[in-house]
Amino acid sequence: MQIHTVAVGAAIGQACLLLAAGTKGKRFMMPHAKAMIQQPRVPSSGLMPASDVLIRAKEIIINRDTLVELIAKHTENSIETVADVMKRPFYMDSTRAKEFGVIDKILWRGQEKIMADAAPPEEWDKNAGIKVLDAI
C-alpha cells in the first residue's frame, strides 16, 4: 500500500515523523510549509514524588531514542546526524526538508496532477471564486 503524505502548514514533532514515514517518492510539502523535529517534552512534574520524576525521565529518554531511530530510518540519515540536529529544535523550510530527506518533492502551483484524486487547478480556482483572465 502506498501512503501519500503532504505538509500544507506545519509538521512539528511527531507530525514531521508521519510526513517522513510516507511512501518514498510520495512525500510532498507545499513551498511555504514548515517542518520541525525536536526532542520530546517532559510533562510538568509539579508536586510529583521523586520516584515518579525518575520514571518519567526514563520514559522520555526511551521515547527520544525511538523518535531518533524512526526519523533516521525514514530520512536515510544516520542516527548520529538526527540525534545531533535534535539537540535543539530543528526547523526546515520545504527546501531544507527535501535536503534532509523528510520529503521527496515540493509542490508548486501547476503540480496538482501529482495527486491523482485532487481537482484540477481550474476547478480549485472556480470553487475559490477566482476569475481567470485569458490574456493580460
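Start by selecting Asp65: at 33% relative accessibility, Asp65 counts as partly exposed. You're looking at a predicted model, by the way, so keep that in mind as you click around. Now add Arg64 to the selection. The side chains of Arg64 and Asp65 join in a salt bridge, with 3.0 Å from N to O. Arg64 is partly exposed too, with a relative accessible area of 27%.

**Zoom out: the whole chain**

Switch to a cartoon view and follow the chain from its N terminus. You'll pass 5 helices and 6 strands, in the order β-β-α-β-β-α-α-β-α-β-α. Next, try a surface view. The chain exposes about 9200 Å², and carbon and sulfur atoms supply 57% of that area. What share of the 136 residues is buried? Buried residues come to 31%. One more thing about the fold as a whole: take the contacts with a separation of 6 or more, and 55% of them come from residues 24 or more positions apart.

**Stop one: the sheet**

Select residues 10–12 for strand S2, 34–37 for strand S4 and 90–92 for strand S5. Together they make an open sheet of 3 strands, ordered S2-S4-S5, and the pairing is mixed. Which strands stand at the edges? Those are S2 and S5; each has a single partner strand, so one side of each is left without a neighbour in the sheet. Tilt the view and look along the sheet: from one strand to the next, the twist averages 10 degrees.

As a bit of background, strands of a sheet pair through backbone hydrogen bonds, either parallel or antiparallel. Which sense do you see between S4 and S5? That pair is antiparallel, over 3 bridges. To see one partnership up close, pick Met36, then look across to S5, where the bridge partner of Met36 is Tyr91.

**Stop two: more salt bridges**

The count of salt bridges in this model comes to 4. You've already visited Arg64 and Asp65, so now select Asp104 and Arg27. Their side chains meet in a salt bridge at 2.7 Å, N to O. Asp104 is in the loop between helix H4 (94–100) and strand S6 (105–106), while Arg27 is in strand S3 (residues 27–29), so the pair ties together parts that are 77 residues apart in sequence. Turn on the surface and look at each partner. Is Arg27 buried or exposed? Arg27 is buried, with a relative accessible area of 1%, whereas Asp104 is partly exposed at 23%.

Then move on to Asp84 and Lys87. This is another salt bridge, and here the closest N and O atoms are 3.4 Å apart. Lys87 is exposed, with a relative accessible area of 56%, and Asp84 is partly exposed at 45%.

**Last stop: a loop residue with a positive phi**

Where should you look for Glu76? Go to the loop between helix H2 (50–75) and helix H3 (79–85). Select Glu76 and check its backbone: phi is near 60 degrees, a positive value in a residue other than glycine. Why stop for that? Because most residues other than glycine have a negative phi. Leave the surface on while you're here: at 61% relative accessibility, Glu76 counts as exposed.

How values were computed
Residues are numbered from 1 along each chain as its sequence is written. This is a predicted model: local features need pLDDT of at least 70, side-chain atom pairs count only at pLDDT 80 or more; totals for chains, interfaces and linings use all residues. Side-chain values use heavy atoms; hydrogens and water are left out. Two strands pair if DSSP finds at least two bridges between them. Helices (H or I, at least four residues) and strands (E, at least two) are DSSP runs, numbered from the N terminus. Axes are lines fitted to C-alpha atoms, for helices over the stretch in contact, and angles run from 0 to 180 degrees between N-to-C directions. Buried means under 20% relative accessible area, exposed over 50%, partly exposed in between (1.4 Å probe, protein chains only). Contact means heavy atoms within 4.5 Å. Accessible areas come from the Shrake-Rupley method with a 1.4 Å probe; for residues, only the protein chains shown count as cover.
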